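Visitor: Could you walk me through this one? I'd like to ask a few things as we look.

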Amino acid sequence: MTNADHNTLKTHYYNYINQFDIDKYFLDEKFFNLFIDIIKLFSKSPWTTQEDIFTQFKITSKASLITINKIIRNCKLAQTLILKSGIGKKYWNTIIPFAKTVEKTLDNQYLFPQRIALFPGVSCMFYCGFCGRDQSQKYPMSILEDSKKTFDKLFSEIPSTSALSISGGLEPLTNSKIGEIITSAKNNNIKVPLITNGFSLSENFLKKTPGIWGLDSIRVSLYGVDKDSYQFITRVEKSYEIVKKNAITFLNLRNEINKDLKFGFNFIIIPENVNQLNGIISLIKEINDNVENGEGVNFLTLRDDYQSVTGNAESFDTNRKYKLDSKMDNTLRNKLIDKLKEFEKYKDTLCPNLYIDYGYSLEALSNNIFDKELIKVTHKNMRNFGFTQMSVAIDLYGDVFIFREAGFLNRSGNEKFIIGRIDQNKSLEQVIKEFLNKNEEIKYDYQDERFMDSFDHVITSLVNQAEKDRSFGISFHKGPVLDRCNAKDVKLGNSWYQDYN
Ligand SMILES: C[S@@+](CC[C@H](N)C(=O)[O-])C[C@H]1O[C@@H](n2cnc3c(N)ncnc32)[C@H](O)[C@@H]1O
Ligand code: SF4
């Protein structure tokens with residue numbers, strides 16, 4: 001917070017009290033200091049509860065906190081500082097559209113999910129050590145026809161306020177109807193981002209799958225920066241060469257067929273690859289140099305491992321070639337601060353137009369500020385009814401999963417996360433309403449949090465915070481963040497290539 005910000009906030013604070021006839025008791029400087037402290041705290045810790053604030057700042061009455069919150073809610077600069085200036089910025093970006101509907105989630109009322117992750121993959125050819133899939137499983141090809149019809153029906157039911165993404169589960173491009181699925185979504189005015197490992201994205205595949213050009217964006221998961229590092233993660237010998245070649249082919253065709261389609265890579269930073277950051281930039285430069293007719297790679301997302309597999313008990317997720325065991329620790333994260341500085345410089349030199357999205361917790365590190373790992377909850381704090389109002393995943397069978405890392409075919413232990421199955425006669429609305437009406441809590445066991453990805457952890461933390469604030473008597477609409485209670489204009493970010501407001 002700059003001195004100028006501080007002065008503007010001061011003017012706002014005292015003017016507000018005088019203008020709106022607030023008790024003169026709040027003119028005491030200690031309340032102005034509290035006003036500033038709350039703004040600072042929320043900008044770095046979006047999960048702070050009202051009770052935390054009450055205790056931490058030794059506030060003596062809830063009514064005082066409610067008044068200070070109101071002054072913050074009504075100050076534009078305070079709102080900007082909270083939502084956009086601190087290390088919590090990425091979290092706030094995700095949270096806001098969901099905070100607006102949190103009351104419905106707390107009351108177990110039906111709402112069409114705001115986010116649907118569709119998992120149409122039949123199988124996968126890679127064996128990534130951090131991925132929760134059961135590597136022995138694949139869907140029968142015989143269901144593709146019916147699945148496509150089920151998805152057609154689903155797309156016709158998705159309201160414009162909800163967002164769809166295609167990912168896995170397994171590898172979405174192993175579904176021979178993927179082009180038709182994308183076209184069907186697009187015909188229903190749905191913007192589609194797709195996540196793939198890029199192995200199948202060959203020239204031949206692209207010729208046979210014109211529907212792919214209807215995507216809004218495509219994010220290829222990058223599993224290394226050269227032959228050995230790629231093979232180490234994927235266990236497939238030619239994976240590096242093939243993905244690199246496919247990226248070049250895709251970009252050249254993209255520039256002819258649909259220039260608006262954004263292409264990017266995702267890279268998961270784990271202890272084994274922290275030294276590969278500059279290698280990503282060299283690889284992207286090499287790819288871009290082979291694109292002759294326009295833009296190259298548009299964006300790069302850098303992510304933490306959300307530990308679906310790593311760090312969990314040996315007895316879980318055993319059906320696999322290998323597991324990655326090591327976890328990022330604080331020493332490594334501290335080192336990452338310097339590495340990211342170097343990386344930024346290298347990127348500015350070789351790929352100045354590349355948009356980098358650091359995701360939740362790397363954002364702080366990239367700004368030279370130490371931050372611990374991703375926000376994560378344990379099985380003790382998972383929501384017993386999920387948060388179907390906000391997010392579900394749906395697989396090729398039409399099974400509806402309340403958490404996204406549960407959506408791997410027959411992943412051991414995932415049955416309890418399936419709340420029903422959609423088909424050509426049964427809508428998503430019916431499945432969710434039946435689940436909510438049954439009113440049967442899902443019971444969680446040790447390390448069940450491995451069935452959640454980073455988004456699920458974030459949303460769980462949000463709902464838990466809202467529950468605590470409500471029971472403390474200062475729910476979101478009496479809290480300090482205006483956008484959390486302003487139910488109108490729910491705008492969902494649905495891409496990786498730009499920041500959403
Ligand atoms: C499960 S994959 C499915 C789609 C496709 N097979 C792929 O790899 O891109 C979806 C995304 O999750 C990422 N992912 C898998 N396990 C992860 C983990 N433990 N932490 C962070 N991201 C992970 C993958 O890299 C990929 O970008
Ligand atoms: S992360 Fe994707 S590519 Fe890797 S094993 Fe899992 S599904 Fe396959």
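Visitor: Which residues is Ile 280 in contact with, leaving aside its neighbours within four places in sequence?

Guide: This is a predicted model, where local features need pLDDT of at least 70, side-chain atom pairs count only at pLDDT 80 or more, and totals for chains, interfaces and linings use all residues. Residues are numbered from 1 along each chain as its sequence is written, with chains lettered from A and ligands numbered from 1 in the order in which they are written. Two residues are in contact if their C-beta atoms, placed from the backbone, lie within 7 Å. By that rule, Ile 280 touches Leu 222, Val 225, Phe 267 and Leu 300.

Visitor: Which helix gives the largest share of the largest nonpolar core?

Guide: A nonpolar core is a set of buried Ala, Val, Leu, Ile, Met, Phe, Trp, Tyr and Cys residues joined through C-beta atoms within 7 Å; buried means 20 or more other C-beta atoms within 10 Å of a residue's own, exposed 12 or fewer. The largest core has 89 residues, and Ile 280 is among those with the most contacts inside it. Helices are DSSP runs of H or I, at least four residues, and strands are E runs of at least two, numbered from the N terminus. Six core residues, the largest share, come from helix α13 (residues 277-289).

Visitor: Is Pro 140 buried or exposed?

Guide: Pro 140 sits in the loop between β1 (115-119) and α8 (144-157). Because Pro 140 has 9 C-beta neighbours inside 10 Å, the verdict is exposed.
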